Amino acid sequence: MSSPTPLPQLSRRGILAAGGALGLGALLTACGSDEGSGSGSQGDGWSFTDDRKKKVSLDAVPERIVAYTGTAAALWDYGVRDQIAGVFGPTKLKNGKPDVIAGDMDISKVEIIGNAFGEFDIEKYAKTRPQLLVTNMYTKNALWYVPDESKSKILKLAPAVAMTAAKVPMIEPIRRFAQLAESLGADMKAGSVTEAKNRFEKASERLRKAAKSGIRVMAAAGAADLFYVSDPNANADLKYFKDLGVDFVVPEKLSSQGFFEELSWENADKYKADVIILDSRTQSLQPPALKSKPSWNDLPAVKAGQVSGWMAEPRLSYKGAAPLVEDLAKAIEKAKKVR
């Protein structure tokens with residue numbers, strides 16, 4: 001599979017305790033317009049240059065798109081809905097409800113090509129008659145959740161667009177997704193889009209002010225045998241929060257994938273923090289399950305009740321990201337120094 005980089009599959013050991021991060025400067029207040037940037041529809045045809053610098057050209061705007069679930073959820077927020085024919089990645093829980101990765105997408109209206117890491121039903125994919133495949137990219141040229149062993153067959157059915165989702169501040173992919181959505185026909189002036197953008201901007205200013213308190217935050221994830229401490233320089237959301245002034249724990253010895261440090265539970269107290277934001281995705285252990293770990297209970301932030309949820313794989317749209325910024329701002333505002 002295309003390098004299971006950080007995020008999804010914590011249960012598979014080599015995967016994450018990370019989250020979105022994109023970093024090349026230009027914070028919210030310093031950047032220009034979201035739209036434009038030289039890619040999009042041209043005349044009667046359609047083209048888009050993705051984050052691999054590969055230009056995809058079609059005779060017309062694609063009407064049947066298959067995308068990674070989180071990618072589709074971001075496009076959905078911008079108004080690209082009827083064109084999404086199928087998705088692959090965490091989509092439906094065992095109880096039938098949408099996975100958190102699916103965001104606000106109506107999963108009853110899309111074909112689920114695969115529901116977990118390693119699953120991609122090529123026959124189902126072919127039946128959707130895809131005109132375009134879109135997915136995230138956490139490491140260079142690696143198509144997220146597209147299996148390496150069948151990638152050549154998959155890419156013969158439709159061209160792919162890959163969108164950077166790591167190692168740059170979150171605002172950058174949010175804007176790139178807006179560009180892609182607009183090229184696909186979405187209205188960037190729609191009320192739902194402008195309201196979400198305003199909410200995101202207000203939340204960002206709130207977080208900037210809260211961060212001045214000096215509260216130190218640790219982004220982490222728990223598994224049965226390991227405690228993962230995420231690198232704020234690798235994850236798009238954390239990098240953006242750091243650029244706004246949040247004081248993060250920065251792990252010293254990163255795994256080969258470069259997104260987090262793996263600690264045994266005996267060493268879970270290696271880093272001191274006032275607040276812990278804990279990976280809230282379905283494959284990561286949550287506070288009730290972690291109570292059985294004495295070293296977890298002994299952490300100052302845990303003792304103080306200063307643990308908040310963290311959507312370690314953020315939805316890269318204004319609507320998806322705004323609540324995440326608000327949640328961190330609130331957690332920092334309420335916290336006291338305990339380290």
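## Reading a sheet and its helices

Mentor: This model is predicted. Start with helix α1, residues 69-78, which lies across β4, β5 and β7 (132-137) and runs at about 115 degrees to β4.

Trainee: In what order do the strands of the sheet stand, and is the pairing parallel or antiparallel?

Mentor: To read a sheet, follow the strands from one edge to the other. Here five strands form an open sheet in the order β6-β5-β4-β7-β8, with parallel pairing. β6 (111-114) and β8 (160-164) each have a single partner strand, so one side of each has no neighbour in the sheet. On average, neighbouring strands are turned by 25 degrees against each other, direction ignored.

Trainee: How many bridges join β4 to β5?

Mentor: Pairing is read bridge by bridge. Four bridges link β4 (residues 65-68) with β5 (residues 84-88). I65, for instance, has I84 in β5 as its bridge partner.

Trainee: Which strands does helix α4 lie across?

Mentor: Helix α4, residues 171-183, lies across β7 and β8, at about 155 degrees to β8.

Trainee: At what angle do α1 and α4 pack?

Mentor: For a helix pair, read the angle, then the distance between axes, then the residues. α1 and α4 pack at about 65 degrees, with axes 9 Å apart. Angles of 65 to 115 degrees count as roughly perpendicular, and the two helices are therefore roughly perpendicular to each other. The crossing is right-handed. T71, A74, L75 and Y78 of α1 meet I174, F177, A178, L180 and A181 of α4.

Trainee: How many residues of that contact are nonpolar, polar or charged?

Mentor: Eight are nonpolar, one is polar and none is charged.

Terms used. Residues numbered from 1 in each chain as written. Predicted model: local features only at pLDDT ≥ 70, side-chain atom pairs only at ≥ 80, totals over all residues. Heavy atoms only, no water. Pairing = 2+ DSSP bridges. Axes fitted to C-alpha atoms, helices over the stretch in contact; angles between N-to-C directions. Contact = heavy atoms within 4.5 Å. Parallel < 35°, antiparallel > 145°, perpendicular 65-115°, else oblique. Left-handed = near helix turned anticlockwise from the far one by under 90°. Nonpolar A, V, L, I, M, F, W, Y, C, P; charged D, E, K, R; others polar.
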